[in-house]
Amino acid sequence: MHELSLAQSLITQILALAAEHGACKVSRVVVTLGPFSGVVRDSFEFGFSILKQEQEPVRDAHLELETPDPEYRCLDCGKVAVIPFPRQSDRLELARCGLATKKCPWCGSNRLSPQGGTELILNQLEME
């Protein structure tokens, strides 16, 4: 479970920033979690919630995870499209109808390559 070590690294980074700015409390942490990062969101949130209890400055910090919709480059026409993941409730129906394959909105090709989306970025801290 590498999410735990990622959460620990995030807390270490937050504590360093808090010390650098003379803050004794962190109340809010905003992180971007790329859709292709390989990080399991629930495990990362759980790890953060457990590990933050060990450090007074982040003990009450609220973690907000932002996950942008994934981007794909069409290998036929070269255009980049944002194609959101289907909602969990829609996935079974799409698979049953054979519509689960992503298609380029411009040319209809299903030859798509993921673009970026592997990031784990600390975007914002609210400190006191």
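Which residues are exposed on the other side of α2, away from its buried ones? This is a predicted model, and in it the answer is Asp42 and Phe46.

Now turn the helix around. Phe44, Gly47, Phe48 and Leu51 are the buried residues here, and they span an arc of only 100° around the axis, so they end up on the same side of α2. The spacing makes sense: an α-helix has 3.6 residues a turn, so residues three or four places apart point the same way. As for what they meet, the buried residues of α2 pack against α1 (2-20), β1, β2 (62-66) and β6 (120-127).

Let's follow one of those partners, β1, which is where Thr32 sits. Thr32 has a relative accessible area of 12%, and because the cut-off for buried is under 20%, Thr32 counts as buried. Its side chain makes a polar contact of 2.3 Å with the side chain of Asn123. Setting aside neighbours within four places in sequence, the contacts of Thr32 are Glu66, Pro68, Glu119, Leu120, Ile121 and Asn123.

Just along the chain, have a look at the loop between β1 (26-33) and α2 (41-51), home to Phe36. The structure has 1 aromatic pair, and it is edge-to-face because the rings of Phe36 and Tyr72 have their planes at 75°, with centres 5.7 Å apart. Tyr72 belongs to strand β3 (residues 71-74), 36 residues away from Phe36, so to speak a link between distant parts of the chain. The two partners differ in burial: Phe36 is partly exposed at 25% relative accessibility, whereas Tyr72 is buried at 7%.

Conventions: Residues are numbered from 1 along each chain as its sequence is written. This is a predicted model: local features need pLDDT of at least 70, side-chain atom pairs count only at pLDDT 80 or more; totals for chains, interfaces and linings use all residues. Side-chain values use heavy atoms; hydrogens and water are left out. Rings of Phe, Tyr and Trp (its six-membered ring) pair if their centres lie within 6.5 Å; planes under 30 degrees apart count as stacked, over 60 as edge-to-face and the rest as tilted. Helices (H or I, at least four residues) and strands (E, at least two) are DSSP runs, numbered from the N terminus. Buried means under 20% relative accessible area, exposed over 50%, partly exposed in between (1.4 Å probe, protein chains only). A polar contact is a pair of N or O atoms within 3.5 Å; within protein, one must be able to donate a hydrogen and the other to accept it, and residues adjacent in sequence count only if both atoms are side-chain atoms. Contact means heavy atoms within 4.5 Å. The arc is that of the directions from the helix axis to the C-beta atoms.
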